[in-house]
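The following exercises introduce a structure step by step. Please attempt each task before reading its solution.

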Amino acid sequence: MTTKFTRAALMGAVCSFALLAATAATAQTTATTTATTAEEKAAETIVVRGARPIFESDRAALQVQRNAPALVSVLSADEAGRLADQNIADAVSRLPGVAVEKDQGQSRYVNLRGQPRRWVTYSIDGMSVVSPEGRDTRFDNIPTAIASQVSVNKAITPDMSGDTVAGNINIRTRSAFDYRGRRIIGGLSLGQVELGGGREIDASLVVADRFFDGKLGILGQVSFYEREMITDNWETDPYLRPGSATSGIDRRPGSETRRWAREHENKPYRLTRGNISGSVRADWRPTEQDTLFAQSVYSQFTDIELRNNYIFRFDNGATNTPNAACTGTVTTIVTSAANDICTGNLPNKGTVYGVRMNWNFRTGDIKEYIFTNTIGGKHARFGWDVDWRLNFTETEDGQDLTGTPSFESPSTVTSRPTVDYDFTDVTNNTVRLFNTVLSGTTRSKGPAVSSVEAFPMLFIDIIDAEGGDLTAAWTGKFDASRDISLFGSEATLKVGGLYTTRDKKRRLTQYRARAADFTAAGVALPTYNDLAIDTAFKGKYALGYTFRYYSGDKVGDLVQSLKDRRIGSYQDGSGEYFEVTEDIVAAYAMATVKQDWGSIIFGGRVERTENTSKALPIIGGSRVLTALKSDDTLFYPSVHVNYDLNEEMKARLSLNTGAARPDFDDLAANFSIDDAPGLITGGNPDAKPEKSVGFDAYFEWYMKSQGYFQIGFYYKDIKDALFTQSGTFGSTILNTPDRDRSGYNFTTIRNGGDGKLMGVEVVFNHTIEELVESMGGPDWLEGFGVRLSANFNDSEINVPAVGTAPLRVVDLPGASDLVTNVGLTYEKYGLSARIAYQYRTKWLQSVGGYATVNGALVPDGNGDIYWNNSESLSVSARYQLNDQFELTFDGINLADSPGRRFADSELYPIEYETFGPRYMIGVRFKY
């Protein structure tokens, strides 16, 4: 009830704001429009320069979308910042068919029309870029400040990379030719996060100008964003496999229906997240037939993390005394009865005596960057239009940790807490702490304890880490097209080719100082009091205990002093090393046949990929450089039909193919060998791409009144989906003279799952301006508009049989049954306001293990992990003071929808976290 009231109040507030501003501004403000030159009308991107930026940017986006050769959704130039969108994931989340996955409440990954995030690729100005993380493309490390247009390509044509199943997101950067002459654009916004009171800042500047009679254009862009935040967080997992013979797990009759959590923990994060970006681009148009450009783009994502982590282990040395009346119900009595109904405990409520605590304090200084450099040109010669580009891109997924001290409870039972756990409320798992009393061998609950620091903790170690994954890629591509006659009709023939070589390697070094190293050096062990600061918990969640935060500076100083005094040592990091090289050669041909009713585009693309994987596994007691090679050649045919039903209506049909290659980590030859049981785990250099055949049928209505309606059906047939599976290793690469390992059991990622996805997409955008005019309504009412979209998905994928678990059918990871976007806009008298609401139903994050116990199929641990349904509510308002300045207000995450994960069933939550609303005010300017 409270949430609904909040939404209604917010809508009312914005509408009232619109009415008040309109009344005040009617006598002063008039709408201004600016004519565009013929050159700008022909440009690919239309830059908005009106007093109605939402209306005008929508019009620009629809024009690009309507003229596109295949199915696409477009975000136009000025719109990318209209909702305080900090990154590209936030921006595209308002487009139809797009849902986002979040990290710490921040949009990060994209699910396109119900498909896994690893199936979405992205490009910058048409050049494919590998994300710092690899195939799991991150979009939170790309600020919207660099973009002038974002296109979500849902049906791939042969002139685009075939290495995608879901689609491609292309980010078009700014150019000086987007503007007439000199242009300076910038903005500054300041704000606060409600939870914890952290500050937020967003600043950007673009400077563009033309020289030499307008033939040379130079543009520079910089941006800076930073947000301080905390999280309210609890986690209860992993859940233990029912009926396991492992000591301490319930084996009483009916155990297959009971799931006990191994531990409960809290992670009260303190974070400072940010982006910095900079780009420079020069465009030269020496003649009407020639265009040359050079461009560099740099974007860096930073994540400074301070994480207190308090873990309560219910399985390790935490015992109860079983009720004697219960002991005859099983033939074997477990040795640890914490997870035992005969003690009076239930999986969701009970008391555990003598719980071991683990404290881990993670201090991270994570940096990810993308640095991409391109030169290229377009030339018209001898009837051909030629487009060529050369690119070098470097990315890094940094994994630096400036210190992670760890503490653990002593073995003395009375030094450990007794814990009451209550997991009956799936949105509020809690623990309460008590002293543990020991009388002989009987444990009981003592007085309540309010501070977790009241219990003694032993220092274990402190680890400092540096390194990450570095990717370097060189790419050359060309496209050539010319007008021809084909089948008696006008047509355009387009051919091209591409060569890419990519190299991804992991480097990681660690410095570790253990308790024994301190003792050997005659140095006293650190205590938490040495690291703590007198700052209490800033969140709102009722933890059930109090604690103090720690100082990241104190941890850093401790690590540096240990290195200076040589207490501890650098660890052998060669086990983390891997290097994967990928070479791609591609060629395509396609034709666009023009008809009175529209066009047909058909053709095909062939891509050959060669991979080399290197790693240093331990074989026979020594690390051995292991190198493996694999290759594949794939052909991607497609046909797209664009049928103009009349001047406003268009039908699109598409039959297309695609593939998603395994991630670099999955291809790495980083094997881990256990000779005793004959087991091998690691990457799989022989893993093949996941393949799809897709069909799209869409109807689009571009209304003269600036309205837009779309309804479409999409279908994907999926082959060779990747899952973690076990089987015979089947190779002699790891053999030694004294041991044949080819018959070992190998657990790795393998192809084997087939499935399908189908869905319906509905979109409606409109303003009520014409309706109000036709009814003779008041002028102020004309400013309202609505934007609606929904995707209805139905998917399934086969999970191969593993062990005692038979073949299973699950949803595609990332597929919500329903994804909706609802937007209400108001734009008139210099005021531009928007309320945006997004909702998605639960979706599968990862596929887990299962086993058959007492004839029932049960999760082996957590099982399949899901994110629960989530919603997002944002408010944005802009008020134009004059031609140069506008005031801005943004309210973000106003619904404060929690991030909730559960294991197999909503009855078994594993994570719950909230982040709080954020508010920003600012000013924008342009000259």
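A charge sits over a ring if NZ of Lys or CZ of Arg is within 6 Å of the ring centre and within 35 degrees of the ring normal. The model is predicted: local features need pLDDT of at least 70, side-chain atom pairs count only at pLDDT 80 or more, and totals for chains, interfaces and linings use all residues. Residues are numbered from 1 along each chain as its sequence is written, and side-chain values use heavy atoms, with hydrogens and water left out.

**Exercise 1. Charges over rings**

Find the ring over which Arg901 lies, and the ring under the charged end of Arg138.

Solution. Step 1: Arg901 lies over the face of Trp867, at 5.5 Å from the ring centre. Step 2: the charged end of Arg138 is placed over the ring of Phe301, 4.8 Å from its centre.

**Exercise 2. A sheet of five strands**

Describe the open sheet with the order 1-6-7-4-5.

Solution. Step 1: helices (H or I, at least four residues) and strands (E, at least two) are DSSP runs, numbered from the N terminus. Two strands pair if DSSP finds at least two bridges between them. Step 2: in this open sheet of five strands, the pairing is mixed. Its edges are strand 1 (72–75) and strand 5 (127–129), each of which pairs on one side only. Step 3: neighbouring strands are turned by 25° against each other on average, direction ignored; axes are lines fitted to C-alpha atoms, for helices over the stretch in contact, and angles run from 0 to 180 degrees between N-to-C directions. Step 4: four bridges pair strand 1 with strand 6 (residues 147–153) in the antiparallel sense, and Leu75 has Val150 in strand 6 as its bridge partner. Step 5: helix 3 (residues 53–67) lies across strand 1 and strand 6, running at about 155° to strand 1.

**Exercise 3. A sheet of four strands**

Which strands form the edges of the open sheet with the order 15-19-20-21?

Solution. Step 1: the four strands of this sheet have antiparallel pairing. Step 2: the edge strands are strand 15 (349–352) and strand 21 (442–449). Step 3: the average turn between neighbouring strands of this sheet is 30°, direction ignored. Step 4: strand 19 (residues 418–422) is joined to strand 20 (residues 430–439) by five bridges, and Thr418 stands opposite Phe434 in strand 20.

**Exercise 4. An aromatic pair**

Classify the pair formed by the rings of Phe459 and Phe518.

Solution. Step 1: rings of Phe, Tyr and Trp (its six-membered ring) pair if their centres lie within 6.5 Å; planes under 30 degrees apart count as stacked, over 60 as edge-to-face and the rest as tilted. A search of the whole structure finds 35 aromatic pairs. Step 2: the centres of Phe459 and Phe518 are 5.2 Å apart and the planes are at 75°, so the pair is edge-to-face. Step 3: Phe459 belongs to strand 22 (residues 458–486) and Phe518 to helix 5 (residues 515–521), 59 residues apart. Step 4: buried means under 20% relative accessible area, exposed over 50%, partly exposed in between (1.4 Å probe, protein chains only). Phe459, at 6%, is buried, and Phe518, at 1%, is buried.

**Exercise 5. The surroundings of Gln221**

Is Gln221 buried or exposed, and which side chains does its side chain meet in polar contacts?

Solution. Step 1: Gln221 is found in strand 10 (residues 216–230). Step 2: its relative accessible area is 3%, so Gln221 is buried. Step 3: a polar contact is a pair of N or O atoms within 3.5 Å; within protein, one must be able to donate a hydrogen and the other to accept it, and residues adjacent in sequence count only if both atoms are side-chain atoms. The side chain of Gln221 makes such contacts with the side chains of Ser277 (2.9 Å) and Ser279 (2.8 Å).

How values were computed
Contact = heavy atoms within 4.5 Å.
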